[in-house]
Structure formats: structure tokens, C-alpha cells
Amino acid sequence: MKAALCRSLDGPSAVVVADIPEPRPLAGEAVVRVSCAGLNHADVLRARGKYQEKPELPFSPCGEIAGVVEASPAGSGFIAESRVMAYVGHGGARERTTIEPWRLVPIPDGVSDVAACGIPVTYGTALHALRERARLQAGQTVAVLGAGGGAGLAAVEIAKLMGARVLAVASIDKHRACLRHGADAVIDRNVPDLKSALRELSEAGPDVIYDCVGGALSEPAFRSLRSGGSFLVVGFASRTVPVLPLDIALVKSLSILGINWPAAVESDRAGYRADMALALEAVAEGRLSPAIHGSWPIDEICSALAVLDRGEATGKIVIKVD
């Protein structure tokens, strides 16, 4: 079968497509025929060996899949030809994969495989971060840094779904996408004084900062928080880990919250499945609309990874496997 493989840690351009043996499921595993898989910034980092999780070489990129069950163990609740999506961490960019049934979530009628495979990482992270970690309440204000990317747009949508007011910080070319997905206001990421810009749009400052990018934007955004606010450390798309002024955290009683969604999935499997079902239902009902930047055939996965690597994606990058 066909698979995309990282055989070395020489970066996204070194990913190859090759034929590999058909998977052999272990006891208790299901086999899924993959139709499409989702790429994330983590795949770019893994290809360079710079992600916190370091799979053994060779491995396939893509931590999200959608497809059809080919075989599943008795009692799993899934039958052959069931449409499913799943978070798999990595290894999704291949025609078939083996998977623990608890990771599988049925795809509702009316939701495409492309939309479904774009749900787990970005929307799962946003739900966990805003609901479980920040305890976001309706009427509060959330500022999303890196709002024009796939992770940021998902956070914008989830925050709006929860009744928050959303300030999107993004490059000018991504402002329309932010507004289309529900942002109440958009701030140019290159504004000279981000702290003041955020405060002007939120009176005493945002209640929550959702930071997907790190780098130079983090400190002024952190300083803009109102007393008792929360700063969510989601990722470092800028490839720079910021240094935050802890004296401000002390004076203003701020919370700095790390968001490790993959760990949350492992520790609360039922919660993961419930969140995925909730998000898929919202897509089916039109309350969420996953942003898809584009799709590439598996043979062109290096081109797709390059779009992510250059920071050009506005929404999910999808790999068509079959």
C-alpha cells in the first residue's frame, strides 16, 4: 500500500511516498481505510525532530484521519464500512492504518471526510483549552494570536460557540477569514502597540489570550490581560518560545496555562470522544464550519507541508489518500 514516510529528520522536503506492507492489526485493533488525513504544524516539527513526541523512524505524518472501517474487533461498536474519524498522533498519511477502537468517532451524515479529518487537533485543542483550562464564560473576551491559521480559526469558532467576544490577531491577508469565522474584531499582527490595541477593544483587557504562535506577540498580549485573566500556551508557530514577565502575573493574579491536548486525550478517552462528537454535530448543524485551506494528493505531500512551513495556510491542510 502507499504511504508518506519520514525516513530521516531532514525536514518536510525529505518526506517520500513509498509502497509498504499492508498493516497487520494486533489483538483488539481495528483497520481503517483512510480517505484523507489532516496535516498540522506539529508535522513540520516532527519532520525535523523538533516536536516533543519523537516517533521512531520511519513514520508517516498526519495525526488526523477520516475513512471507513474495514475490520473491527467484536464489541467495539463499529461494523465494516462505518464512516469514522480519529486522532492518531501521527501515522495517518497511508492508505490503511490499524487503530485502537476507542479513538474512532462516527462521522454524521452531511459531514464530509475532508471536514471531519480537520476536526480533532484544532477543535479538540480549542475545546480543551477554553472550556476545561480557562473555564471560559459567555460574555468574556478572548484574544486569539495567530487567528488566521487552522488552529486560530478553530479557536475563534469555539470561543464564539461558547458565547465569548473574540478579538483576532492576524496578518492583514487573513483578516477576512477571521471575520468570516466569527471574530468580532481583527487586529493587524504588525500593529506597533498590540497591548494598547487589545485594551482599546476590550476595556480593561481580554479575559483570555489564546496563543498559537509565541514569539514577539506573546509579551504585549500577556500584558494586556485584565486582572485575573488567563494566558493559554497553545503552540509556537513562530518557532520562538517567549519569555513572559512573571512580575505582571503576580501583580494581576494572572494564570499561565499550558495546553497539552494529546496528553488530555490519553488521560480522558471518554472526554475526547464526547468532544469530537460535539464538534461533528455542530458541523452537521452548521454551527461550526472548519476552514479548509486546500487539499493535496498524497504524492504531493511535500508541497502541502511547505505551505505549512511557510506559514501560508488559512485553515486545514488536507492530504487525499484514496
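This report describes selected strands, loop residues and enclosed spaces of one predicted model.

Residues are numbered from 1 along each chain as its sequence is written, and side-chain values use heavy atoms, with hydrogens and water left out. Because the model is predicted, local features need pLDDT of at least 70 and side-chain atom pairs count only at pLDDT 80 or more, while totals for chains, interfaces and linings use all residues.

## Strand E11 and Asp-207

Helices (H or I, at least four residues) and strands (E, at least two) are DSSP runs, numbered from the N terminus. Two strands are taken as paired if DSSP finds at least two bridges between them. Strand E8 (residues 141-145) is joined to E11 by four bridges, and the two run parallel. Ala-143 has Ile-209 as its bridge partner in E11. Four bridges also join E11 to strand E12 (residues 230-233), again in parallel, with Asp-211 opposite Val-233 in E12.

Both faces of E11 are covered, with Val-208 and Tyr-210 on one side and Ile-209 and Asp-211 on the other, all of them buried. Here buried means under 20% relative accessible area, exposed over 50%, and partly exposed in between (1.4 Å probe, protein chains only).

Asp-207 is placed in the loop between helix H6 (194-200) and strand E11 (208-211). Why does Asp-207 count as buried? Asp-207 counts as buried because its relative accessibility is 14%. The side chain of Asp-207 reaches the backbone nitrogen of Thr-141 at 2.8 Å. This is a polar contact, that is, a pair of N or O atoms within 3.5 Å; within protein, one must be able to donate a hydrogen and the other to accept it, and residues adjacent in sequence count only if both atoms are side-chain atoms. Leaving aside neighbours within four places in sequence, Asp-207 is in contact with Gln-140, Thr-141, Leu-225, Arg-226, Gly-229 and Ser-230, where contact means heavy atoms within 4.5 Å.

## Strand E5

Strand E5 (residues 83-87) is mostly covered, as four of its five residues are buried. Five bridges join strand E4 (residues 64-71) to E5, and the pair runs antiparallel; Arg-83 in E5 is the bridge partner of Val-68. E5 is also joined to strand E7 (residues 104-106) by three bridges, likewise antiparallel, and Val-84 stands opposite Pro-106 in E7.

## Backbone exceptions

Most residues other than glycine have a negative phi, and most peptide bonds are trans. The table gives two residues with positive phi.

| Residue | Phi | Loop | Relative accessibility |
|---|---|---|---|
| Glu-81 | near 75° | between E4 and E5 | 52%, exposed |
| Arg-135 | about 55° | between H3 and E8 | 53%, exposed |

A cis peptide bond joins Leu-57 and Pro-58, with omega about -10°. Leu-57 is in the loop between helix H1 (41-47) and E4, and Pro-58 lies in the loop between H1 and E4. Leu-57 counts as partly exposed because its relative accessibility is 35%. Not counting residues up to four places away in sequence, Leu-57 touches Cys-6, Arg-7, Ser-8 and Leu-9.

## Cys-302

Cys-302 lies in helix H11 (residues 301-309) and is partly exposed, with a relative accessible area of 25%. Not counting residues up to four places away in sequence, Cys-302 touches Pro-12, Ser-13 and Val-15. The C-alpha atoms of Cys-302 and Val-15 are separated by 6.3 Å, although the residues are 287 apart along the chain.

## Cavity and pocket

On a 1 Å grid over the protein atoms alone, a cavity is a set of points where a 1.4 Å probe fits but cannot get out, and a pocket is an open set with protein on both sides within 12 Å along at least five of seven lines; lining residues have an atom within 4 Å of a point. Grid points are joined across faces, edges and corners, and a volume is the space filled by probe spheres set on the points.

The structure holds one cavity of 30 Å³ or more, and the largest cavity has a volume of about 50 Å³. Its lining consists of Gly-118, Thr-122, Tyr-123, Gly-150, Leu-153, Ala-154, Pro-290, Ala-291 and Lys-316. Helix H3 (120-133) and helix H4 (150-161) each supply at least two of these residues, and the largest share, three residues, comes from H4.

The second largest pocket has a volume of about 310 Å³. Of its 17 lining residues, His-90, Gly-91, Arg-94, Thr-97 and Thr-98 lie nearest its centre.
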